[in-house]
Amino acid sequence: MNQLIKPKVTLVGAGTGDPELITLKAVLALNKADVVLYDALIDKSLLKHAPDKAIKIFVGKRVGKHSCPQDETNRLCVEYALKHGHVVRLKGGDPFVFGRGSEEIDYIEAFGIPTEVVPGITSAVAVPASIGIPVTKRGVSESFWVITATTSYGELSRDIAIAAQSTATVVILMGTKKLDEIVKAYKTAGKSDIPVAIIQNGTTKEEQFVAGTIQDITSKAHQAGIAAPAIIVIGEVVKESYRLKEVYEQTVNIGH
């Protein structure tokens with residue numbers, strides 16, 4: 001290794017799809033990057049914050065399309081840090097919210113390479129907010145859960161059935177493929193009438209969403225063609241959205 005090279009890896013949360021939601025600290029880290037390893041959900045305009053001479057490599061993964069397995073990404077972080085210096089690992093949302101950031105840090109640090117983490121705005125909060133849904137509201141919801149729908153074994157997270165028993169707002173990430181199972185868990189808990197919203201490509205120009213209740217959300221999502229990447233929000237706070245009030249006012253009128 002060149003003695004002038006000082007290896008370092010910075011895990012940077014890029015925030016949600018809107019490129020303006022990246023933090024100043026993240027931009028400053030990109031300004032000093034020698035290499036940028038970026039994910040699939042990153043807005044490509046963010047790469048302009050890195051120097052022109054910086055090496056920029058796509059290491060993203062999509063559902064069912066693993067263009068760069070995690071082990072390979074870990075290896076590249078180490079390899080490029082040793083060869084070129086400062087590697088910015090640019091990840092969607094926040095690196096420590098279902099982003100496997102902790103695993104990457106563990107691997108990199110095992111090689112004696114210093115690391116830093118720059119938190120990002122998580123889609124679990126920002127995407128609901130983008131359509132006016134507050135994850136908490138006084139008198140409506142005292143807490144919120146953030147759950148990944150799919151475990152590392154490909155099964156529905158057991159936490160969803162537990163969360164369905166509470167009055168908390170439940171935000172489910174990576175859940176579109178498990179929507180039928182999520183609905184079943186809530187129906188089993190006697191929550192068929194609870195409001196639900198599904199937001200696809202939140203905070204981007206391609207954003208679209210659908211809202212309803214546990215009883216009808218599956219058919220509505222199918223009719224609207226909602227697909228990944230999407231966030232599922234379940235709870236009474238969904239009705240608090242100014243953009244969704246008409247949906248729930250119609251539901252109340254139909255009910256009467």
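# A walk through the model

Start with a pair of helices, α2 and α3: they cross in a right-handed way. Keep in mind as you click around that this is a predicted model. To see the pair, select residues 70-84 for α2 and residues 101-109 for α3; their axes are 9 Å apart and the packing angle is about 45°. Angles under 35 degrees count as roughly parallel, and 65 to 115 as roughly perpendicular. α2 and α3 are therefore oblique to each other.

Now show the side chains where these two helices touch. On the α2 side, pick Q70, T73, N74, R75, C77 and V78; on the α3 side, pick E104, Y107 and I108. What mix of residues makes up the contact of α2 with α3? Colour them by type and you should get 4 nonpolar, 3 polar and 2 charged.

**Next stop: V9**

Select V9, which sits in strand β1, residues 8-13. Is V9 buried or exposed? V9 counts as buried, because its relative accessibility is 0%. Show what surrounds V9, skipping neighbours within four places in sequence, and you'll find C77, A81, V87, R89, I108, I113, P114, T115 and E116 in contact with it. Two of those names may ring a bell: C77 belongs to the α2 side of the helix contact you just looked at, and I108 to the α3 side.

Now for a long jump. Measure from the C-alpha of V9 to that of E246: the two residues are 47 Å apart in space and 237 residues apart in sequence.

**Over to V247**

Helix α8 covers residues 245-255, and V247 is part of it. With a relative accessible area of 25%, V247 is partly exposed. Leaving out neighbours within four places in sequence, V247 has contacts with A211 and K220. Try the C-alpha distance from V247 to A211: you should read 7.2 Å, although 36 residues along the chain separate the two.

**A second helix pair**

Select α6 (residues 179-188) together with α7 (residues 217-224). Their axes are 10 Å apart and the helices pack at an angle of about 160°. That angle makes α6 roughly antiparallel to α7, since angles over 145 degrees count that way. As with the pair at the start, look at the handedness: α6 passes α7 in a right-handed crossing.

Which residues meet here? From α6 come L179, D180 and V183, and from α7 come I217, T218 and A221. By type, this contact holds 4 nonpolar, 1 polar and 1 charged.

**Into the core**

Nonpolar side chains tend to be buried together in soluble globular proteins. To look at this model's largest nonpolar core, which has 24 residues, select I160, I172, I182, Y186, I198, I232 and I234; these touch the most other members. At least two residues of this core come from each of α5 (159-163), β9 (169-173), α6, β10 (195-200), α7 and β12 (230-234). Which element gives the largest share? That is α6, with 5 residues.

Zoom in on Y186. Apart from neighbours within four places in sequence, Y186 is in contact with I160, A163, A164, V170, K191, S192, I194, I214 and I234. There is also a second, separate core, made of 18 residues, including V12, I22, Y38 and A50.

**Loops to finish**

Click on E155, in the loop between β8 (144-148) and α5. Setting aside neighbours within four places in sequence, E155 is in contact with A149, T150 and K178. Then measure C-alpha to C-alpha from E155 to T169: 22 Å in space, with the two positions 14 residues apart in sequence numbering.

Next, try two residues with a positive phi, neither of them glycine. M174, in the loop between β9 and α6, has phi near 55°. M174 counts as partly exposed because its relative accessibility is 48%. T203 lies in the loop between β10 and β11 (208-213), and its phi is near 70°. T203, with a relative accessible area of 16%, is buried.

Last, go to P229 in the loop between α7 and β12. What kind of peptide bond joins A228 and P229? The bond is cis, with omega about 0°.

Definitions and conventions. Residues are numbered from 1 along each chain as its sequence is written. This is a predicted model: local features need pLDDT of at least 70, side-chain atom pairs count only at pLDDT 80 or more; totals for chains, interfaces and linings use all residues. Side-chain values use heavy atoms; hydrogens and water are left out. Axes are lines fitted to C-alpha atoms, for helices over the stretch in contact, and angles run from 0 to 180 degrees between N-to-C directions. Helices (H or I, at least four residues) and strands (E, at least two) are DSSP runs, numbered from the N terminus. A crossing is left-handed if the near helix is turned anticlockwise from the far one by less than a right angle, and right-handed if clockwise. Contact means heavy atoms within 4.5 Å. Ala, Val, Leu, Ile, Met, Phe, Trp, Tyr, Cys and Pro count as nonpolar, Asp, Glu, Lys and Arg as charged, and the others, Gly among them, as polar. A nonpolar core is a set of buried Ala, Val, Leu, Ile, Met, Phe, Trp, Tyr and Cys residues joined through side-chain atoms within 4.5 Å. Buried means under 20% relative accessible area, exposed over 50%, partly exposed in between (1.4 Å probe, protein chains only).
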